[in-house]
Amino acid sequence: MYKLPLVECLMFGALISATDPVTVLSIFQELGTDVNLYALVFGESVLNDAMAISLYRTMSSVQSHASSGQNFFLIVVRFLETFVGSMSSGVGVGFISALLFKYAGLDIDNLQNLECCLFVLFPYFSYMLAEGLGLSGIVSILFTGIVMKHYTFSNLSEKSQHFAAAFFHLISSLAETFVFIYMGFDIAMEQHRWSHLGFIFFSIIFIGVARAAHVYVCANLVNMARPTSRQIPLKHQKALWYSGLRGAMAFALALQSVHDLPEAHGKTIFTATTAIIVLTVILVGGSTGTMLEALEVVGDGQDGALETIESNNGYIAPSYQEGTSSGSNLKMRLKEFHKSTTSFTALDKNYLTPFFTSQNEEEDVSDESMRTPSRGRFQDRA
């Protein structure tokens with residue numbers, strides 16, 4: 001339909017794989033969909049963005065140095081350097097922020113403004129650090145946010161926690177609104193190349209096919225390692241496949257491709273990406289409510305799941321019933337991997353969380369205060 005060099009095809013594949021289920025997740029929240037399905041869609045989108053950015057930057061670097069004849073091994077090394085380096089810098093900044101807010105003593109009334117300012121600026125510092133090192137600032141800030149929400153947030157004072165939650169909710173809403181407004185203006189004002197409609201049509205077809213292969217295969221692999229009670233049901237797999245909207249991240253990378261690629265190729269990729277975004281948002285986003293009702297996942301056990309998440313920060317490893325599986329090596333390896341993930345959760349609960357947060361110290365102080373009066377009364381009676 002439209003001939004592109006292999007590297008440019010890989011760049012288009014990388015940028016168009018980034019999903020943006022903002023519309024779908026808002027409908028999930030409104031209709032009360034199962035929280036596990038919500039987590040699957042949201043988590044897949046977040047990791048897709050990180051991988052798409054790293055892959056795009058890697059392929060863009062390969063395309064700009066095409067004459068040097070880099071081999072496949074160097075391409076893989078460059079991708080790992082971008083992704084792992086960005087992730088490490090983001091996680092490192094997040095841990096530093098957790099220790100700072102734990103020991104700096106900023107949770108007092110006089111320093112509340114300083115506490116809030118530092119909490120807001122730390123992710124930006126992570127972004128600037130990664131960009132200064134030639135890495136991906138967006139991937140870095142993603143992992144900084146994960147770490148800061150898990151560890152740093154609990155070290156804030158109660159007022160700062162309320163402010164930070166409201167502030168970031170406001171910023172995210174404004175950013176999402178601005179992106180859609182920007183895309184609307186761009187569709188009306190930018191010059192697009194609509195002469196390759198076949199390229200756009202078959203891109204949409206193969207995006208659906210590739211997503212189906214990815215979702216169903218990965219879900220079945222996960223189910224092989226999980227007990228029956230925690231498997232991903234088929235209706236959730238269908239909803240996950242249907243939720244593959246393209247949005248802000250694909251649009252931003254496609255806009256960048258106009259500058260990274262020859263003008264004709266970049267414009268064609270940008271036009272195709274814009275058309276895919278508009279079609280998926282209108283068609284998929286508009287029919288999500290009907291799809292959820294047809295799959296009968298509306299209100300599917302949300303309350304119980306939310307209670308489990310809110311009441312228990314840790315994780316209890318599920319028990320496996322030996323002899324019920326086929327005994328294949330793949331399934332055993334998946335079980336071992338699942339056990340390793342649960343052991344990491346135990347490591348986080350027993351070591352990382354006490355080290356980076358002040359929760360256990362507060363619990364010890366409260367326990368001590370509960371025990372002290374009883375000792376006094378016992379001594380008075382003596």
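Start by selecting Phe167: at 26% relative accessibility, this residue counts as partly exposed. You are looking at a predicted model, so take each stop below as a feature of that prediction.

**Along helix 7**

Keep Phe167 on screen and add Phe163, which is partly exposed too, with a relative accessible area of 39%. Both residues sit in helix 7 (residues 158-189), and because they are four residues apart, about one helical turn separates them. Now move along to Phe178 and Tyr182, whose rings form a tilted aromatic pair, 6.1 Å centre to centre with 35° between the planes. Here again the two residues lie in helix 7, four residues apart, or about one turn of the helix. Is Phe178 buried or exposed? Colour by accessibility and you will find Phe178 exposed, at 55% relative accessibility; the cut-off for that label is over 50%. Tyr182, with a relative accessible area of 37%, is partly exposed.

**Back to the rings**

Across the whole structure, a search finds 21 aromatic pairs. One of them is Phe163 with Phe167, a stacked pair at 5.7 Å centre to centre and 20° between the planes. Stacked is the label for planes under 30 degrees apart, so the 20° of Phe163 and Phe167 qualifies. Next, widen the selection to Phe101, Phe119, Phe122, Phe153, Phe163, Phe167 and Phe168: together these form one aromatic cluster.

**The annotated spans**

Select residues 163-185, one of the spans that the unreviewed UniProt entry lists as "transmembrane region". This span is 100% helix and 0% strand, and its end C-alpha atoms lie 33 Å apart. Residues 197-219 are also among the spans with that annotation in UniProt. For residues 197-219, the end C-alpha atoms are 33 Å apart, with 100% helix and 0% strand. Then jump to the start of the chain, where the unreviewed entry in UniProt lists residues 1-21 as "signal peptide". That stretch is 52% helix and 0% strand, and 29 Å separates its end C-alpha atoms.

**A nonpolar patch on the surface**

Show the surface and select Met1, Phe201, Phe202, Ile205, Phe206 and Val209. They form a nonpolar patch with about 650 Å² of accessible area together. Zoom in on Phe202, which belongs to helix 8 (residues 197-225). Its relative accessibility of 35% makes Phe202 partly exposed.

**One salt bridge**

How many salt bridges does the count come to? The count comes to one. Side chains of opposite charge can pair when their charged atoms come close. To see the bridge, select Arg211 and Glu44, whose closest N and O atoms are 2.8 Å apart. The pair links distant parts of the chain, since Arg211 is in helix 8 and Glu44 is in helix 3 (residues 35-64), 167 residues apart. Are these two partners buried or exposed? Arg211 counts as buried at 7% relative accessibility, and Glu44 is buried as well, with a relative accessible area of 14%. Both labels follow because buried means under 20%.

**Last stop: helix 11**

Finish with helix 11 (residues 263-295) and centre the view on Thr288, where the helix bends by about 50°. Then step to Glu296, just after helix 11, which takes a positive phi of about 60°.

How values were computed: Residues are numbered from 1 along each chain as its sequence is written. This is a predicted model: local features need pLDDT of at least 70, side-chain atom pairs count only at pLDDT 80 or more; totals for chains, interfaces and linings use all residues. Side-chain values use heavy atoms; hydrogens and water are left out. UniProt positions are given in the numbering used here, feature names are shortened, and annotations may be inferred rather than shown by experiment. Patches are made of residues with over 30% relative accessible area and no salt bridge: like charges are joined within 9 Å, nonpolar side chains (Val, Leu, Ile, Met, Phe, Trp, Tyr) within 5 Å. Accessible areas come from the Shrake-Rupley method with a 1.4 Å probe; for residues, only the protein chains shown count as cover. A salt bridge is a side-chain nitrogen of Lys or Arg within 4 Å of a carboxyl oxygen of Asp or Glu. Buried means under 20% relative accessible area, exposed over 50%, partly exposed in between (1.4 Å probe, protein chains only). The bend at a residue is the angle between axes fitted to the seven residues ending there and the seven starting there. Rings of Phe, Tyr and Trp (its six-membered ring) pair if their centres lie within 6.5 Å; planes under 30 degrees apart count as stacked, over 60 as edge-to-face and the rest as tilted.
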